[in-house]
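Thanks for asking me to take a look at this one. Have the structure open beside you as you go through my points.

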Amino acid sequence: MKMLRTLWLTLILAVVAACGGADEAAGPPNTLERGISSDPETLDQHRSRSIQAADVIRDLGEGLVGYSATGELIPAAAQSWEVSEDGLKYTFHLRDGLRWSNGDALTASHFVAGMRRLVDPSTAAFYAEMLGDLENAAGITSGEIPVSMLGVAAPDERTVVLRLVQQTPYLVSLMTHPSTFPIHPGSIAEHGDSFARPGKLVSNGAYRLEAWVPGSVISLRRNEYYWNNAGTAIDAVNYHVIVQDSAELNRYRAGELHTTSTVPPDSFAQVREEYGEQLHVAPYLGVYYYGYNLTRPPFKDNAPLRQALSMAVDREQLALRVTGRGEAPAYSWVPGGVNNYEPPLSSFAALSKEEREQVARRLYKEAGYSAENPLKIEVRYNTNDTNKKIAVAIQSMWREVLGVEATLINEEFQVLLANMRDAEITQVFRSSWMGDYNDAHTFLSVLQSGSATNMPRYENEEFDALMALAADQVDPEQRKLYLEEAERVMLADYPLIPIYFFVSKHLVSPQIEGWGDNVLDYHYSQQLSFKAVQ
Amino acid sequence: MSGNRSIRVTAGILLAVATAALVGPWISPHDYATTNLENILSAPSLSNMHLFGTDDLGRDLFVRTMLGIRITLLVAIVASLVSLVIGVSYGAIAGFVGGRLDAAMMRFVDTLYALPFIFLVILLMVAFERNFLLIFVAIGAINWLDMARIVRGQTLSLREREFVEAARLTGVSTLKIVFRHIAPNLIGIVVVYVTLTIPQAILVESFLSFLGLGVQEPQTSLGALVDAGVKHMEGASWALLIPATLLALILLCFNFLGDGLRDLFDARHSS
Amino acid sequence: MLRYTVLRILGAIPTLLLVIALAFLMVHAAPGGPFDDERALPADVEANIAAAYHLDEPLPQQFLRYMSGLLQGDLGPSYRYRDYTVGELIGTAFPYSLKLGAMAMALALLLGVSAGTVAALRQGTALDKVVMGFSMTGISIPVFVIAPVLVLFLAVKLQWLPAGWSSATGMSRYLLPVITLALPQIAYIARLTRASMIDVLGRDFIRTAHAQGLGTATVVRVHALKPAMLPVLSYMGPAIAAILTGSVVVEEIFGIPGLGQFFVRGALNRDYTLVLGIVVFYASLIVLLNLLVDILYGAIDPRVRYR
């Protein structure tokens with residue numbers, strides 16, 4: 001009869017649990033409900049890394065510069081700025097009367113404090129290299145030079161001056177990145193690294209942090225002290241953490257969300273039919289690719305084979321039928337639409353499908369493979385529906401065009417990352433790269449020799465030399481030419497297979513106004529508003 | 001349904017499903033891995049021999065479903081065998097030796113009952129990557145506890161029976177007693193519990209598929225097919241309905257079969 | 001009795017240690033670390049972070065560090081939720097999981113036992129067949145199918161109930177998750193109850209009770225229910241396990257910030273401390289509950305001797 005007691009205990013617990021526990025209050029009527037695909041790891045702009053964290057932090061904080069809904073740089077905390085003639089000194093002029101969410105005055109020194117904390121080795125910031133071109137930044141991060149030597153200064157309360165060691169044409173756009181936002185010195189002194197928690201976080205953007213239930217919802221409220229408070233329409237924002245994209249879609253359809261973070265691939269056609277006007281699809285700075293492990297056979301020193309496999313992938317079919325959300329087939333590494341850049345295309349881009357397959361078969365044969373002696377390789381990808389579908393489709397294309405026997409290995413993300421980093425057992429692997437700023441450099445620098453993000457382990461002296469020339473170049477036209485030439489050199493080596501360029505896709509309720517599509521996929525809550533009820 | 005009839009009917013259905021799963025892919029002109037991006041999510045049709053329609057990559061769902069049944073049954077049966085081997089040997093030893101060892105071994109089983117097993121299985125799948133063999137072992141490792149308890153109880157009572165006592169008195173070795181006299185008498189109850197373990201193993205496998213920790217593509221299982229079908233529930237209901245119905249049917253049959261066998265066993269024992 | 005309690009607690013320690021060691025080994029054996037990402041870290045930064053979390057120490061040392069923290073009741077910092085400790089996360093998540101699981105269990109017992117009893121009393125009628133048909137279907141459909149189907153009809157199409165936990169307040173947001181979680185258990189318990197109720201109703205003492213002129217309701221309530229519940233009671237253990245498993249799915253689909261969701265995410269993100277913390281927490285909880293039941297039982301029933 002022991003079980004009978006357990007039973008009663010359970011029942012009593014159930015009743016107690018059901019009655020007890022006050023629930024959080026809902027927000028004011030004018031609350032924007034947004035979907036977000038995972039919890040931020042922290043709302044500390046320096047210790048966070050994910051895109052989701054950055055999305056929320058852009059609502060809470062504000063940099064010197066911001067973006068408009070359509071993706072143009074606009075003044076934010078700074079109302080204007082100038083660049084010196086040699087391009088090595090930037091001066092930003094802050095607005096008058098800036099305040100933190102607790103009413104404290106916000107001064108230029110707080111920006112200096114933020115940037116110093118970013119490069120400080122004791123912060124261990126993920127984006128420490130973001131300001132790597134500032135004077136002494138590299139030496140500070142490696143612990144050789146004191147933080148106070150960083151090339152950023154506040155000559156007066158409303159002026160921030162940045163000094164660079166080399167030309168960085170995209171420097172102003174870096175000032176929109178959360179890692180360059182200011183820090184409230186009082187809260188760090190008081191709370192240390194836990195300053196970003198609800199109840200402690202003091203922010204300088206349009207919103208302040210009201211509550212965060214990890215795994216569920218992050219609630220923001222209007223920051224009354226924000227300089228553009230009058231221009232902020234929405235009083236409160238709830239970010240609902242919804243990991244499964246299909247669950248997010250359901251909640252949008254049930255009227256529980258105003259905006260979604262994505263649209264599930266499997267429901268895309270149906271969504272387009274039912275919610276045509278509410279669906280927003282826009283090009284996005286990201287490339288989906290298959291990398292080769294260049295340190296091991298069969299791909300080491302085997303450009304013909306790499307080219308054959310690349311040419312046998314029918315990118316149009318993949319983009320149209322498998323992903324089917326308006327993705328652009330990729331024949332280059334840098335996506336189109338990047339500032340001041342014309343990506344060169346792979347040599348075979350102009351060929352027809354049949355011609356490509358013919359060349360691919362010839363190269364495959366030249367590399368020593370045939371029907372009797374087929375190439376046997378393993379393809380690794382991380383668990384995810386789109387990845388799975390693409391892997392299955394590519395496996396099938398390689399088999400049909402070339403007779404390659406590819407084995408699919410579906411790994412969990414962390415396992416795949418570890419395997420890519422070790423570059424020992426990998427042969428072909430799925431990966432992607434998302435740009436951090438609107439410049440070709442954020443893509444091309446990935447493939448420089450020794451870069452930590454260079455997953456194929458690509459090494460080419462000519463490519464590295466062109467990248468170095470571009471870095472030293474003051475003239476934007478000349479820099480553009482060097483970067484494009486670098487990409488052309490790289491593409492001819494076939495170190496990876498670019499497959500498609502990402503698009504951002506969101507559902508936006510017809511009640512919402514002010515949504516703009518942009519290549520960075522930034523959508524500040526302060527720029528949105530509810531349509532007036534007729 | 002009377003006991004015997006329900007056993008015959010459910011066993012018949014299971015046999016038919018298993019046969020179809022073995023033979024079906026031969027008859028179909030399609031194979032399980034070939035994609036056809038021009039013909040995705042097409043409805044079941046006789047004209048192109050896509051009897052169950054196609055999935056979101058244009059692969060034939062009939063062949064994939066048959067393959068899924070094979071793998072699901074394989075996982076479930078092997079998992080049950082693993083639990084059978086562990087459970088029976090553990091239970092038989094504890095029951096036959098008895099005394100302190102028995103008490104200690106059963107205490108250990110009690111404490112294992114306290115573990116959040118499903119969490120350990122998830123950890124196992126994460127730690128050792130997606131190993132097909134490991135799925136069997138992991139699922140089997142959850143289910144042996146019940147088996148051990150039942151076998152031990154049964155062994156304990158058998159040990160005291162006259163024929164065992166008589167064998168012991170006439171000097172038959174312990175090993176011989178276990179194999180000659182105890183083991184044959186355990187078979188009935190063991191078969192019943194294996195049959196009831198199989199549906200549990202099938203559900204665990206489908207749960208792992210839902211978490212993305214199941215078998216590797218382009219291989220598939222009923223659980224993985226159902227999970228994929230859920231995503232197309234509105235646009236292509238057949239992709240969910242067919243595998244889900246088959247999954248439910250198989251689970252039902254094993255449950256009925258187990259119940260029927262248990263009734264049969266109970267009846268035989270009480271008479 | 002005090003001695004018994006102490007002995008039982010001491011007896012549980014090796015088990016817990018074993019579980020912790022096993023779980024520790026498994027999470028660390030898994031390839032990949034908590035700070036790996038497609039945006040790989042510069043070597044300097046990576047070294048700084050590893051040092052900050054003591055991930056650069058040899059494994060035995062990390063284990064000792066973890067155990068010494070555990071002895072002081074410290075489950076360590078979460079690697080994924082960098083502003084929270086594991087203790088805090090479990091503290092906020094467990095009440096949600098408990099509420100969900102307990103309500104599902106209560107609902108399953110209430111409906112399962114009632115439906116099973118009614119079916120047994122009306123054995124062979126259409127009502128019986130409906131109840132049994134439902135319960136057979138209920139145990140044959142995985143939770144991850146039930147949940148989206150219910151959401152599609154009740155939340156998306158009819159909009160009667162919220163589709164997501166965080167979009168509503170109060171009880172309404174628990175309704176769908178609790179129903180989803182309880183359905184298979186209702187079905188199973190109904191089947192068990194029906195079978196054992198039919199068995200009990202056929203026994204002599206029930207016939208005697210009927211012969212004494214008692215009404216069916218009284219006979220069932222006073223005499224039959226208790227013995228008929230025995231198989232249901234011994235099913236409680238597996239039922240709790242099934243609800244724990246189901247809650248992982250339900251929490252994920254409805255976005256309930258409970259332990260199941262944290263565990264799966266933690267395991268996938270290599271949040272070592274969070275995963276370990278949840279395993280330790282659940283194992284201790286179950287050991288404690290068992291102990292509590294034993295002690296309570298002994299206090300109520302003096303015939304039980306503590307061995």
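Here are my notes, point by point.

1. A word on the kind of model first. This is a predicted model, so please take what follows as a reading of a prediction.

2. Let me start where chains B and C meet. Chain C brings 34 residues to this contact, and chain B brings 27 residues. On the chain C side, six helices each supply at least two residues: α1 (2-29), α5 (126-138), α6 (143-157), α11 (236-254), α12 (259-269) and α13 (272-300). Of these, α13(C) gives the most, with seven residues.

3. The make-up of that surface deserves its own point. The side of chain C that touches chain B counts 28 nonpolar residues and six polar ones, with no charged residue.

4. Turning to chain A, the domain assignment gives two domains. Domain 1 of chain A covers 2-247 + 508-530, and domain 2 of chain A covers 283-504. Taken over C-alpha atoms, their centres are 33 Å apart. Where the two touch, domain 1 of chain A contributes ten residues and domain 2 of chain A contributes 15 residues. The domain 1 side splits into five nonpolar residues, four polar and one charged.

5. Next, the nonpolar cores. The largest has 231 residues, and within it C:Ile278 and C:Val279 touch the most other members. The element that gives the most to this core is helix α2 (residues 61-97) of chain B, with 18 residues. A second core, separate from it, holds 72 residues, including A:Leu305, A:Tyr341, A:Leu466 and A:Phe502.

6. Chain A also has a sheet that I enjoyed tracing. In what order do its six strands run? The order is β12-β16-β11-β15-β13-β14, in an open sheet with mixed pairing. Why is one side of β12 (328-329) and of β14 (405-411) left without a neighbour in the sheet? Both strands of chain A stand at the edges and each has a single partner strand, so one side of each has no neighbour there.

7. One end of that sheet can be followed in finer detail. Strand β13 (residues 376-382) of chain A pairs with β14(A) in the parallel sense, over seven bridges. If you want a residue pair to look at, A:Val379 has A:Leu408 in β14(A) as its bridge partner.

8. Finally, look at what packs on these strands. Helix α13 (residues 413-422) of chain A lies across β13, β14 and β15 (428-434) of chain A. This helix of chain A runs at about 130° to β13(A).

Terms used
Residues are numbered from 1 along each chain as its sequence is written. Chains are lettered from A and ligands numbered from 1 in the order in which they are written. This is a predicted model: local features need pLDDT of at least 70, side-chain atom pairs count only at pLDDT 80 or more; totals for chains, interfaces and linings use all residues. Two residues are in contact if their C-beta atoms, placed from the backbone, lie within 7 Å. Helices (H or I, at least four residues) and strands (E, at least two) are DSSP runs, numbered from the N terminus. Ala, Val, Leu, Ile, Met, Phe, Trp, Tyr, Cys and Pro count as nonpolar, Asp, Glu, Lys and Arg as charged, and the others, Gly among them, as polar. Domain bounds come from an automatic or database domain assignment. A nonpolar core is a set of buried Ala, Val, Leu, Ile, Met, Phe, Trp, Tyr and Cys residues joined through C-beta atoms within 7 Å. A residue is buried if 20 or more other C-beta atoms lie within 10 Å of its own, exposed if 12 or fewer, and partly exposed in between; C-beta atoms are placed from the backbone. Two strands pair if DSSP finds at least two bridges between them. Axes are lines fitted to C-alpha atoms, for helices over the stretch in contact, and angles run from 0 to 180 degrees between N-to-C directions.
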